[in-house]
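Me: I am learning how structural labels are earned. Can we go through this one, label by label?

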Amino acid sequence: MSTLSTPLKSANIQLVIFDCDGVLVDSEGLSKRVLLQMLADIGVVASDAYFDQHFLGRSYEAVTASIFNDYSVTLPATFQHEYQTQLLQVFAQELRPTIALTQMLAQLTLPYCVATSSSPNRVDFALKSTNLIDYFAGQVFTASEVKHGKPAPDLFLHAAKQMGMAPQNCLVIEDSQAGIEAGLAANMHVIKYAGASHLVNKAASTNDKQDKITIIREWPELFSYIPSAR
């Protein structure tokens with residue numbers, strides 16, 4: 001858990017670090033649909049709740065480890081490529097930015113970047129297919145660049161270092177528990193974005209309440225908590 005004591009509204013935020021899936025792009029529902037169907041095709045029947053707990057915000061390597069540990073199934077060597085292929089086909093047809101994201105980015109005056117568990121190819125495709133790539137060109141960091149992915153703090157610390165900012169001056173915006181834990185472990189301020197379709201009708205989780213996580217459901221709310229960001 002974070003050791004930061006400064007209230008968010010009083011914090012000296014100098015960098016905003018966005019997760020990608022479920023934050024910048026409304027992709028988690030699409031990812032869930034494709035992955036659960038592909039798993040079912042090979043006899044692994046996982047629930048929506050299992051996806052949310054074990055897959056959301058985590059790297060492909062973490063996903064395969066969970067499937068092996070809980071189902072005693074080793075995914076075929078071709079599974080990742082086939083999953084990425086099917087998912088990007090769906091992204092090309094259905095992926096959209098989260099609501100009012102570009103309007104918020106147009107007002108955001110602080111430096112910002114992306115730190116995601118997605119592969120470089122996947123995040124690049126997602127940002128290009130939603131016309132977001134120009135906002136984040138050269139400012140995208142993926143789990144492939146660090147030893148330990150979320151919920152370890154490595155990726156956020158790497159992003160902050162590359163952007164030349166101290167962790168305590170960074171704000172992480174995440175949708176997943178793994179990402180929130182990573183941000184807190186990095187000693188960064190954290191906001192949970194719950195405006196994407198997979199969270200829009202869900203109440204705050206027990207973890208959110210325990211960690212006293214600030215939750216926003218619409219992008220304009222960000223400036224209520226960080227007035228200096230515009």
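Me: Why is Lys150 called buried?
Reply: This is a predicted model, so the value is computed from predicted atoms. Lys150 has 5% relative accessibility. Buried means under 20%. Lys150 therefore counts as buried.

Me: What makes Glu174 and Lys150 a salt bridge?
Reply: Their side chains meet at 2.6 Å, N to O. The cut-off is within 4 Å, so the pair qualifies. Glu174 is buried too, with a relative accessible area of 0%.

Me: Where in the chain do Glu174 and Lys150 lie?
Reply: Glu174 is in strand 4 (residues 170–174). Lys150 is in the loop between strand 3 (140–142) and helix 8 (154–162). The two are 24 residues apart, and the pair links distant parts of the chain.

Me: Which residues are joined into one network by salt bridges that share partners?
Reply: Asp19, Lys150 and Glu174.

Me: How many salt bridges does the structure hold?
Reply: The count is 6. One of them pairs Asp21 with Arg122, at 3.3 Å from N to O. The limit is 4 Å, so this pair earns the name.

Me: Why is the Asp21 and Arg122 pair said to tie parts together?
Reply: Asp21 sits in the loop between strand 1 (15–18) and helix 1 (28–41). Arg122 sits in helix 6 (residues 120–129). These parts are 101 residues apart in sequence, so the pair ties them together. Both Asp21 and Arg122 are buried.

Me: What makes Arg33 and Glu94 a salt bridge?
Reply: The N to O distance is 2.8 Å. That is within 4 Å, so the label fits. Arg33 is in helix 1 and Glu94 is in helix 4 (residues 79–94), 61 residues apart.

Me: Are Arg33 and Glu94 buried, exposed or partly exposed?
Reply: Arg33 has a relative accessible area of 44%. Glu94 stands at 37%. Buried is under 20% and exposed is over 50%, with partly exposed in between. So Arg33 is partly exposed, and so is Glu94.

Me: Where do helix 1 and helix 4 make contact?
Reply: Arg33 and Glu94 are both among the contact residues. Helix 1 also brings others, including Leu35, Met38 and Leu39. Helix 4 adds Phe79, Tyr83 and Phe91, among others. The axes come within 10 Å and cross at roughly 145 degrees. The crossing is right-handed.

Me: What is Leu39 in contact with, leaving aside neighbours within four places in sequence?
Reply: Val44, Phe55, Ile67, Leu75 and Phe79. Leu39 is also one of the residues with the most contacts inside the largest nonpolar core, which has 55 residues. Phe18, Met104 and Trp219 are others on that list. A second, separate core has 19 residues, including Cys170, Val172, Leu184 and Val190.

Me: Why is Cys170 called buried?
Reply: Its relative accessibility is 0%. The cut-off is under 20%, so Cys170 counts as buried.

Me: How do you know that Cys170 is too far for a bond to Cys113?
Reply: The sulfur of Cys113 is the closest cysteine sulfur to that of Cys170, at 7.6 Å. A disulfide needs sulfurs within 2.5 Å. So 7.6 Å is too far for a bond.

Me: How many disulfides are found in the whole structure?
Reply: The search finds 0. Cys20 is in no disulfide either, as its nearest cysteine sulfur, that of Cys113, is 12 Å away. Cys20 has a relative accessible area of 1%, so Cys20 is buried.

Note on methods
Residues numbered from 1 in each chain as written. Predicted model: local features only at pLDDT ≥ 70, side-chain atom pairs only at ≥ 80, totals over all residues. Heavy atoms only, no water. Buried < 20%, exposed > 50% of the residue type's maximum accessible area, 1.4 Å probe, protein only. Helix = DSSP H or I, 4+ residues; strand = E, 2+ residues; numbered from the N terminus. Core = buried A, V, L, I, M, F, W, Y, C linked by side-chain atoms within 4.5 Å. Contact = heavy atoms within 4.5 Å. Axes fitted to C-alpha atoms, helices over the stretch in contact; angles between N-to-C directions. Left-handed = near helix turned anticlockwise from the far one by under 90°.
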